[in-house]
Amino acid sequence: MRFQSIRGVYPRDNGMMKANGKEALDRPSYLIYVDTIASLFDEYKKNVCHYRTVLEEKILATKDFVFYDLFGNGLIFYRDL
């Protein structure tokens, strides 16, 4: 899959996260804007994301999905509605 639709990666400080079942206060999460969120989610759902990861519409007029890499970094892919 080509990533030409990713516009930017923004570090985000969102407080306490869980990484491998442990609290990870020092791990960043990244907000990544994607134009084609549904196709990216379908591709990542096959091999990358946990089976319980879902594509959600949020109250703040965004659609996103989130997962954590092996090091506890949060990767938040989103699109404005």
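## A walk from the salt bridges to helix H1

Start by selecting Glu57 and Lys63: their side chains meet in a salt bridge, 3.9 Å from N to O. Keep in mind as you go that you're looking at a predicted model. Colour this first pair by accessibility and you'll see that Glu57 is exposed, with a relative accessible area of 56%, while Lys63 is partly exposed at 23%.

How many salt bridges does a search of the whole structure find? Three. For the next one, pick Lys58 and Glu56, whose closest N and O atoms are 2.9 Å apart. Both ends are partly exposed: Lys58 has a relative accessible area of 36%, and Glu56 has 35%. Stay on Lys58 and add Asp64, because Lys58 forms a salt bridge with Asp64 too, with 4.0 Å between the closest N and O atoms; the cut-off for a salt bridge is within 4 Å. Asp64 is buried, at 10% relative accessible area. Show Glu56, Lys58 and Asp64 together, and you have one network, joined by salt bridges that share partners.

**Next stop: Leu81**

Go to the segment after strand E7 and select Leu81. Is Leu81 buried or exposed? With 56% relative accessibility, it counts as exposed. Now turn on contacts, skipping residues up to four places away in sequence: Leu81 touches Glu57, Ala61, Thr62 and Lys63. Two of those names, Glu57 and Lys63, are the salt-bridge partners from the start of the tour. Draw a distance between the C-alpha atoms of Leu81 and Lys63 and you'll get 6.6 Å, for residues 18 apart along the chain.

**Strands E4, E6 and E7**

Switch to cartoon and select strand E7, residues 74–80. E7 is mostly covered, with five of its seven residues buried. Add strand E6, residues 62–68: E6 and E7 pair in the antiparallel sense over seven bridges. To see one position in that pairing, pick Thr62, which stands opposite Asp80 in E7. Then follow the hairpin of E6 and E7 round its turn, where five residues lie between the strands. Stop at Gly72 there and check its backbone: Gly72 takes a positive phi near 90°.

Now bring in strand E4, residues 29–34. In which sense do E4 and E7 pair? They run parallel, over five bridges. A handy marker is Ile32, which stands opposite Phe77 in E7.

**Helix H1 and its buried side**

Select helix H1, residues 37–47, and show its buried residues as sticks: Ile37, Leu40, Phe41 and Tyr44. Look down the axis, and you'll find that these residues cover an arc of only 100°, which puts them on the same side of H1. Spin to the face turned away from that buried side and pick up the exposed residues Lys46 and Asn47. What covers the buried residues of H1? The cover includes strands E4, E6 and E7, so the strands you've just coloured can stay on screen.

**Last stop: the aromatic rings**

A search of the whole structure finds eight aromatic pairs. Begin with Phe41 and Phe65, an edge-to-face pair with 5.1 Å centre to centre and 65° between the planes. Phe41 lies in helix H1 and Phe65 in strand E6, so this pair ties together parts that are 24 residues apart in sequence. Both rings sit on buried residues: Phe41 has a relative accessible area of 11%, and Phe65 has 1%.

Move on to Tyr44 and Phe77. Their ring centres are 5.5 Å apart and their planes are at 85°, so this pair is edge-to-face as well. It links distant parts of the chain, with Tyr44 in helix H1 and Phe77 in strand E7, 33 residues apart. Again both are buried, Tyr44 at 15% relative accessible area and Phe77 at 4%.

To finish, select Phe41, Tyr44, Phe65, Phe67 and Phe77 in one go: they form one aromatic cluster. Keep Ile32 displayed next to that selection, and you can trace the step from Phe77 to the residue standing opposite in the E4–E7 pairing.

How values were computed: Residues numbered from 1 in each chain as written. Predicted model: local features only at pLDDT ≥ 70, side-chain atom pairs only at ≥ 80, totals over all residues. Heavy atoms only, no water. Buried < 20%, exposed > 50% of the residue type's maximum accessible area, 1.4 Å probe, protein only. Helix = DSSP H or I, 4+ residues; strand = E, 2+ residues; numbered from the N terminus. Arc of directions from axis to C-beta. Contact = heavy atoms within 4.5 Å. Phe/Tyr/Trp six-rings, centres within 6.5 Å; stacked < 30°, edge-to-face > 60°. Pairing = 2+ DSSP bridges.
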